[in-house]
Structure formats: C-alpha cells, structure tokens
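This report describes selected side-chain pairs, one helix and two loop residues. The structure comes first, and the description follows.

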Amino acid sequence: MRFKLCLIVAIGLACMLAGFSRAQQPQQQPSSPQEPQQQTAAPGTSQSSSLDIQGIKTYLLGPGDVLDIRVFGQPELSTGSAQVDSDGNLSSLPFLDTPIPAKCRTDKQVQKDIAAAYSKFINNPQVSVRISERNSRQPATVFGAVRQPTRVEMKRKVRLNELMAVSGGFTERASGTIQILHTEPLMCPEPGEEELAKPIDGTKIPLQIVKIAELRAGKADANPVIRPGDYVLVTEAEPVYVTGAVASPTGVYLRDQLTLTRALAMVGGTRKEAKLNDVIIYRQQPGSMSQDVVHVDLAAIKKNEKPDILLQPYDVIEVREAGMFSKERFGQTVVGALTGGFSNMISSTGMYLPNRVIY
C-alpha cells in the first residue's frame with residue numbers, strides 16, 4: 001500500500017513540476033481573501049467572536065454534515081461525500097489511519113488538519129474543503145398562536161424574536177406566554193454554557209417560559225437563543241364570554257392578568273341601562289359540571305371602592321339590565337313614556353305641527 005502511494009506521489013510531483021507549476025498560482029489566489037477570516041479567530045479566543053464577511057457566525061460542523069474535499073492534482077485523495085460520523089470525526093479519508101476531528105470546528109480548521117495529515121506523503125498539498133450538506137442541526141418547530149406555524153432550519157445562532165418574525169408574528173389568540181422545550185443538549189457550547197451541553201435528564205422537563213410582554217419590551221432574558229430541535233409553542237388563550245347589556249356581546253381571549261373592567265372595555269363597555277351594582281360571573285368549577293355564581297359590584301370597582309376581579313378561563317359574564325323604575329333607568333323610562341305618548345297622540349289625531357324659524 002505504501003509503495004503504491006509513493007508511486008502515485010512521485011508521478012503527481014513530476015507532473016506538477018513539469019507542466020502545472022503555473023496552475024498552482026490560481027489555486028493559491030482564492031485562499032488569500034480567506035486568510036483574514038482565519039486570523040479573526042486568534043488562538044485562545046472564543047468561537048463566537050469569529051465572524052465571516054456577512055456578519056453571520058461561522059458554521060461549526062457536527063455529526064451528519066457532509067464535506068466536499070479536493071486535493072489538487074490527487075483525484076484518488078479527493079471525495080465529495082466525506083461525512084462527519086457520530087463521534088464528530090472524519091474517519092473515512094483515503095490513506096489516513098487517524099481520524100480528523102471535525103465536531104464544533106469550521107471547515108477551514110478541518111482543511112488545515114487534512115493538509116497537515118497529507119503533508120506526510122505529499123509535498124505542500126493543496127486542499128480545498130467545502131460544506132455540501134448541513135445535517136447536524138435539527139430544525140426548530142414553531143406552532144400555536146402564530147400566523148405561520150413552521151419549521152425553521154438555523155445555520156447560525158437565532159434568537160426568539162427572529163423566530164417569531166419568520167413565523168409571521170402572534171395572532172389575537174396569543175395568551176401572553178411562550179413555552180420553549182429543549183429536546184437536545186447544546187452541541188457546541190461557548191464558555192459559560194457547559195451546563196447546557198450535558199445530556200438531557202429524562203426526569204426533568206427542560207422547559208423555558210417567556211412572557212410576550214417582556215419580549216416586546218426588549219428584555220434580554222426574554223429573548224433567548226433557540227437551539228436546534230427546540231419546540232416553541234406560543235400558547236393560545238382560553239375564552240371568556242361577555243353577554244347582556246354591553247355594546248357588543250361576544251367572547252374575548254383570556255390574556256395575562258385580564259380583569260373584569262378590561263374585558264368589558266374590550267366589548268365596547270356597558271350600555272346605559274346596565275345594572276352596574278350586580279354583574280354576575282358564572283364560573284365553572286374545576287373537574288365538575290357545576291358552576292359558581294359570583295356577584296360583582298362593578299359600580300364600586302369603578303369608584304375604586306373595591307378591587308377589580310381577575311377572570312378565569314371560560315367565565316361567563318352577564319351584565320343584566322336594571323328595572324324600568326330603578327334609579328339607573330328612571331329618567332330614561334319617564335322620557336320614553338312622555339315622548340312615546342306625545343308621538344302616539346299626534347299620530348292618532350292627525351295633528352300637524354308646522355315648523356317656524358326665529359332669526
């Protein structure tokens with residue numbers, strides 16, 4: 001095997017010296033613009049500081065990724081389907097007995113190691129490494145109260161707000177919280193993230209809850225980095241029903257800390273004939289078909305004499321009308337009776353009232 005390799009190397013070197021010395025120059029030229037990229041990641045610095053010309057963090061290889069490896073002038077050493085194995089290594093390169101570490105490294109770092117490995121057999125080998133398939137990161141899944149439930153493949157670090165933008169934003173059914181379920185450990189942790197790279201304990205649910213209000217307010221803790229394989233659920237609100245003497249009887253969604261006064265405002269407020277001192281809330285008992293009846297003095301709440309009421313899922317709010325001769329409707333009843341009686345008198349007698357203008 002070694003004799004055959006030496007023969008191949010000798011023939012290759014002869015060809016390179018005889019006719020391909022000029023051809024090496026174009027191969028070396030493309031590497032010069034890439035040199036600054038290699039210099040940005042100085043020894044001892046964090047991988048997160050390594051940026052490419054687009055400002056996107058350099059892709060770190062992982063198991064399942066496929067590389068296209070070319071060795072100039074050596075087709076026997078080239079391959080277009082070198083896959084990173086489950087251990088994170090390139091273990092099937094021709095004539096190399098020692099695997100090349102690839103996990104959590106860039107293609108340029110792997111390229112240097114491959115060139116160093118083949119330099120034992122070839123003088124100054126010219127190696128090119130390209131990523132042909134990125135399979136190591138599972139897509140994150142976004143669903144729930146978003147306009148476009150989707151799966152998102154992430155080739156760089158992506159935060160929650162970017163994922164929400166890709167999904168079209170929240171719908172009116174969003175309850176106010178986002179649940180993030182981590183299904184895989186962090187593959188390439190940065191300094192300080194070692195705890196996230198440990199295998200997930202099956203007895204504990206790695207669930208993170210974020211409030212939408214805090215995300216919109218720009219709080220850093222409410223905008224975490226989403227890992228590959230994460231499930232992101234924008235929880236949907238449960239309904240509350242408002243009926244009776246209100247402007248628009250309808251159902252509203254129970255968002256974070258929804259109170260009685262806010263729910264009534266969402267349906268346009270109460271009508272004039274509403275009985276404000278006795279608003280009824282029918283509340284379902286958990287695990288039962290029975291209901292609790294809660295009487296609320298809305299008038300006292302509006303005067304800050306009593307605290308507002310926090311609503312619960314599936315509450316039914318009934319704003320009843322006051323009696324015709326109650327103080328809430330007495331004036332309206334009298335005016336209605338007088339105007340109605342006068343109108344009936346005019347229509348029954350055929351009386352005509354002329355219009356007059358005083359200048």
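The side chains of glutamate 214 and lysine 219 form a salt bridge, with N and O 4.0 Å apart. A salt bridge here is a side-chain nitrogen of Lys or Arg within 4 Å of a carboxyl oxygen of Asp or Glu. Glutamate 214 is partly exposed at 30% relative accessibility, and lysine 219 is partly exposed at 45%. The classes are set by relative accessible area: buried is under 20%, exposed is over 50% and partly exposed is in between (1.4 Å probe, protein chains only).

The model is predicted: local features need pLDDT of at least 70, side-chain atom pairs count only at pLDDT 80 or more, and totals for chains, interfaces and linings use all residues. Residues are numbered from 1 along each chain as its sequence is written, and side-chain values use heavy atoms, with hydrogens and water left out.

**Salt bridges**

The whole structure holds 10 salt bridges, including the three in this table.

| Pair | Closest N to O | Relative accessible area |
|---|---|---|
| Glutamate 214 and lysine 219 | 4.0 Å | 30% and 45% |
| Arginine 271 and glutamate 321 | 3.1 Å | 32% and 43% |
| Arginine 320 and aspartate 278 | 2.6 Å | 31% and 14% |

Arginine 271 and glutamate 321 form a salt bridge. Arginine 271 is in the loop between helix 7 (260-266) and strand 15 (279-284), and glutamate 321 is in the loop between strand 17 (316-319) and helix 9 (330-349), so the pair ties together parts that are 50 residues apart in sequence. Helices (H or I, at least four residues) and strands (E, at least two) are DSSP runs, numbered from the N terminus.

Arginine 320 and aspartate 278 also meet in a salt bridge. This pair links distant parts of the chain, 42 residues apart: arginine 320 lies in the loop between strand 17 and helix 9, and aspartate 278 in the loop between helix 7 and strand 15. Arginine 320 is partly exposed, whereas aspartate 278 is buried. Salt bridges with shared partners also join Arg271, Glu273 and Glu321 into one network.

**The disulfide**

How many disulfides does a search of the whole structure find? The search finds one, formed by cysteine 104 and cysteine 188 with their sulfur atoms 2.2 Å apart. A disulfide is a pair of cysteine sulfur atoms within 2.5 Å. The torsion about the S-S bond is about -95 degrees, so the disulfide is left-handed. Cysteine 104 sits in the loop between strand 4 and helix 4, and cysteine 188 in the loop between strand 9 (174-181) and strand 10 (207-211), 84 residues apart. Cysteine 104 is buried at 16%, and cysteine 188 is buried at 12%.

**Helix 4 and threonine 106**

Threonine 106 is in the loop between strand 4 (100-101) and helix 4. Threonine 106 is buried, with a relative accessible area of 12%. Not counting residues up to four places away in sequence, threonine 106 touches Thr58, Tyr59, Leu60 and Leu61; contact means heavy atoms within 4.5 Å.

Helix 4 has 12 residues (107-118) and an expected span of 16 Å, which agrees with the 16 Å between its end C-alpha atoms. The expected span is 1.5 Å times one less than the number of residues. Among the buried residues of helix 4 are Val110, Ile114 and Tyr118.

**Glycine 269**

Glycine 269 belongs to the loop between helix 7 and strand 15 and is buried at 17%. Its C-alpha atom is 5.9 Å from that of alanine 247, 22 residues away along the chain.
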